[in-house]
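Please open the model in your viewer and keep the selection tool at hand. The tour proceeds from a single residue to a pair of helices and then to the nonpolar cores.

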Amino acid sequence: MKKEIFQEIVAFAIEKEQEAIDTYTAAAGAVKRANVRDMLLGLAKQEEGHKQKLMNIDFESLPETSVKEIPDLKISDYSDGVQIEADMDYQDLLTISMKREEAAHNLYTRLASISDEPDIRQLFEFLAQEEAKHKLALEKEYDEHILTDN
């Protein structure tokens, strides 16, 4: 795959990280519980770190065949299109956040699977693992405060 196409893929991943940052920051402003606000702000900070790692990829040093050619990245599969709204309840907020983390995990897993460059594959595998951790933290919060309350 040409470097330009790979750059487009990474730009898309950076965009998704920024959306996650914006989502968690907005969600932190919408919740009342301080511990949940802190968790969401912590997730936003971690997503910022992911974004910086992606922005620091040196495209000039990558070999031309850094990614296997594939006909469809299915990028639209990783976008849920649902936005956080001010009047959204806590359960919906957690559900949307979990879905976003799952989509990010799937995206990075897919990108890792098509990368021939070991350093890039390792980066995407690391990012996939981080997104899985975020989803788990949100699932625990959901289990503890939504399922237990119901």
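**First stop: Ile146**

Select Ile146, which is found in helix H4, the run of residues 118-147. Please note that the model is a predicted one.

Is Ile146 buried or exposed? Its relative accessibility is 9%, and because the limit for a buried residue is under 20%, Ile146 counts as buried.

Next, display the residues around Ile146. Setting aside residues up to four places away in sequence, Ile146 touches Tyr90, Gln91, Leu94 and Glu141. Select Tyr90 from this group: Tyr90 and Ile146 are 56 residues apart in sequence, yet their C-alpha atoms are 8.5 Å apart in space.

**Second stop: helices H3 and H4**

Now select helix H3, residues 90-113, together with H4. Two packed helices are described by the angle between their axes and by the distance between those axes. For H3 and H4, the angle is about 160° and the axes are 8 Å apart. Because angles over 145 degrees count as roughly antiparallel, H3 is roughly antiparallel to H4. The crossing of the two helices, H3 and H4, is left-handed. Colour the contact of H3 with H4 by residue class: it has 14 nonpolar, seven polar and eight charged residues.

Remain on H3 and select Ala103, which lies in this helix. Ala103 has a relative accessible area of 15% and is therefore buried. Then add Ala128 to the selection. Ala103 and Ala128 are 25 residues apart along the chain, and 9.8 Å separates their C-alpha atoms.

**Third stop: the nonpolar cores**

In soluble globular proteins, nonpolar side chains tend to be buried together. To examine this model in that respect, select Val10, Leu54, Ile57, Tyr108, Leu111 and Phe124. These are the residues with the most contacts inside the largest nonpolar core, which has 20 residues. Which elements give two or more residues to this core? They are helix H1 (3-30), H3 and H4. H1 supplies the largest share of the core, namely six residues.

Within the same selection, centre the view on Leu111. Apart from its neighbours within four places in sequence, Leu111 is in contact with Ile9 and Phe124.

Finally, select Ala20, Ala28, Val31 and Met98. These residues are among the members of a second, separate core, which has 16 residues.

Definitions and conventions
Residues numbered from 1 in each chain as written. Predicted model: local features only at pLDDT ≥ 70, side-chain atom pairs only at ≥ 80, totals over all residues. Heavy atoms only, no water. Helix = DSSP H or I, 4+ residues; strand = E, 2+ residues; numbered from the N terminus. Buried < 20%, exposed > 50% of the residue type's maximum accessible area, 1.4 Å probe, protein only. Contact = heavy atoms within 4.5 Å. Axes fitted to C-alpha atoms, helices over the stretch in contact; angles between N-to-C directions. Parallel < 35°, antiparallel > 145°, perpendicular 65-115°, else oblique. Left-handed = near helix turned anticlockwise from the far one by under 90°. Nonpolar A, V, L, I, M, F, W, Y, C, P; charged D, E, K, R; others polar. Core = buried A, V, L, I, M, F, W, Y, C linked by side-chain atoms within 4.5 Å.
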